[in-house]
Structures are given as C-alpha cells and as structure tokens.
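User: I'm new to this structure and would like a close look at one part of it. Could you walk me through the sheet and whatever packs or pairs up around it?

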Amino acid sequence: MVALSGEIKEIFTKTKVIPMATASKSGVPNVAPMASIQLVADDTIWIMDNYMVKTLENLKENPVTALYFYDQETKRCFQVKGATEIKTSGPDYEKFRDQVRTKGHQYPAKSLIVITITDVFECTPGKEAGKKVL
C-alpha cells in the first residue's frame with residue numbers, strides 16, 4: 001500500500017484543479033482538468049464525474065490514471081498513478097455526490113471515480129525529477 005506523506009497531501013490539498021491523464025485500450029491519451037476531487041485516505045482519491053466523456057470511456061477500457069499537482073508557492077510537484085474503479089451507487093458515491101451537489105445544480109455527479117494510489121513520482125525540476133518517491 002502507498003501512503004502519501006504530509007508534504008504530498010498538503011500540496012494535493014492546495015491544488016484546486018488537477019489534470020487527470022487516461023489512455024484508451026489502444027493507447028490514445030486524454031488529459032482533462034478535475035476540480036471535484038478529494039483525498040479521502042492516505043492511498044485513496046475520489047473524483048466526481050460531472051462532465052466526463054473521453055476520460056470515462058478510457059477508464060472503462062483501461063482503468064489506470066495519472067494525476068499531476070503543483071504548488072505555485074514552493075514550486076514542488078508530484079505525479080500520482082493509480083488503479084481506478086467507477087461507482088454509480090453505494091454509500092461512497094452517495095456521500096460524495098451529495099457533497100458535490102451542494103456546490104450547485106450545474107454538477108450532475110454522474111459517477112464516482114475511486115483511485116487507489118499505486119505510485120508517486122517527484123516532478124519538481126532538478127536532479128530528483130522523475131524519481132519514484134512512493
């Protein structure tokens with residue numbers, strides 16, 4: 001199990017929009033900005049599918065993803081990779097759906113993407129860039 005450090009969690013939490021990369025089964029890439037995102041455990045991230053099209057199609061074909069988050073102040077950044085599960089019912093989906101919908105009626109909260117973190121890499125420029133940290 002991968003458990004994010006305090007520094008990584010802090011940078012994740014400070015980042016308001018996080019790019020999410022996916023790829024189709026045949027390897028066609030897609031990157032989309034995610035704003036309805038939450039770190040729910042040291043190794044688990046939730047993302048609400050409000051408007052996903054290509055991202056959702058890719059995850060159904062190839063259930064792995066990469067996220068990138070960056071702290072403007074410290075210039076630190078990390079890449080997180082993980083395995084995904086799509087939920088459209090159940091207590092986790094309902095809890096996050098209700099939370100997202102309090103932000104406004106424009107958020108349909110169609111499905112919950114549960115990411116179990118498998119790897120974390122350093123992205124900060126310098127000699128450690130690209131190094132696996134977890």
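Analyst: Here is a walk through the sheet, then the helix lying across it, then the side-chain pairs around them.

One thing up front: this is a predicted model, so read everything below in that light.

Let's start with the layout. The sheet is an open one made of seven strands, and going across it you meet them in the order β2-β1-β5-β6-β7-β4-β3. The pairing is antiparallel. At the edges sit β2, residues 29-34, and β3, residues 37-41, and each of these has a pairing partner on one side only. The sheet isn't flat-out parallel in its strand directions either: ignoring direction, neighbouring strands are turned by 30 degrees against each other on average. As general background, strands in a sheet pair through backbone hydrogen bonds, in either a parallel or an antiparallel way.

Now zoom in on β5. This strand covers residues 64-70 and is joined by seven bridges to β6, residues 77-87, with the two running antiparallel. You can follow that pairing residue by residue: L67 has V80 of β6 as its bridge partner, while F69 stands opposite F78 in β6. The hairpin of β5 and β6 has six residues between the strands, and in it K75 takes a positive phi near 65 degrees. β5 also pairs with β1, residues 18-23, through two bridges, again antiparallel. Here M20 is the residue that stands opposite L67.

F69 is worth a second stop. The structure holds three aromatic pairs. In one of them, the ring centres of F12 and F69 are 5.3 Å apart and the planes make an angle of 85 degrees, so this pair counts as edge-to-face. F12 belongs to helix α1 (residues 6-14) and F69 to strand β5, so the pair ties together parts that are 57 residues apart in sequence. Are these two rings buried or exposed? Both F12 and F69 are buried. Together with F78, they form one aromatic cluster.

Next comes helix α3. Its residues, 91-101, lie across β3, β4 (44-49), β6 and β7 (111-122), and the helix runs at about 60 degrees to β4. Three of its residues, Y93, F96 and V100, are buried. Why do they end up on the same side of the helix? They cover an arc of only 80 degrees around the axis, which puts them on the same side of α3. A general rule helps here: an α-helix has 3.6 residues a turn, so residues three or four places apart point the same way. The other side of α3 has P91 and K95, which are exposed. As for what the buried residues touch, they pack against β3, β4, β6 and β7.

F96 also takes part in an aromatic pair. Its partner is W46, and both of these residues are buried. The rings are 5.7 Å apart centre to centre with 50 degrees between the planes, which makes the pair tilted. W46 is in strand β4 and F96 in helix α3, so the pair links distant parts of the chain, 50 residues apart.

Finally, the charged side chains. In general, side chains of opposite charge can pair when their charged atoms come close. Across the whole structure, a search finds ten salt bridges. One of them brings together the side chains of K110 and D49, at 3.9 Å from N to O. K110 is in the loop between α3 and β7 and D49 is in strand β4, so this pair ties together parts that are 61 residues apart in sequence. The two partners differ in how accessible they are: D49 counts as buried at 1% relative accessibility, whereas K110, at 41%, counts as partly exposed.

Strand β7 has a salt bridge too: the side chains of D119 and K132 meet at 2.6 Å, N to O. D119 lies in β7 and K132 in the segment after β7, so the parts tied together are 13 residues apart in sequence. K132 counts as partly exposed, with 46% relative accessibility. Another salt bridge joins K131 and E128, whose closest N and O atoms are 3.3 Å apart. K131 is partly exposed at 46%, and E128 is partly exposed at 35%. Besides these pairs, E7, R76 and E122 are joined into one network by salt bridges that share partners.

Notes
Residues are numbered from 1 along each chain as its sequence is written. This is a predicted model: local features need pLDDT of at least 70, side-chain atom pairs count only at pLDDT 80 or more; totals for chains, interfaces and linings use all residues. Side-chain values use heavy atoms; hydrogens and water are left out. Two strands pair if DSSP finds at least two bridges between them. Helices (H or I, at least four residues) and strands (E, at least two) are DSSP runs, numbered from the N terminus. Axes are lines fitted to C-alpha atoms, for helices over the stretch in contact, and angles run from 0 to 180 degrees between N-to-C directions. Contact means heavy atoms within 4.5 Å. Buried means under 20% relative accessible area, exposed over 50%, partly exposed in between (1.4 Å probe, protein chains only). The arc is that of the directions from the helix axis to the C-beta atoms. A salt bridge is a side-chain nitrogen of Lys or Arg within 4 Å of a carboxyl oxygen of Asp or Glu. Rings of Phe, Tyr and Trp (its six-membered ring) pair if their centres lie within 6.5 Å; planes under 30 degrees apart count as stacked, over 60 as edge-to-face and the rest as tilted.
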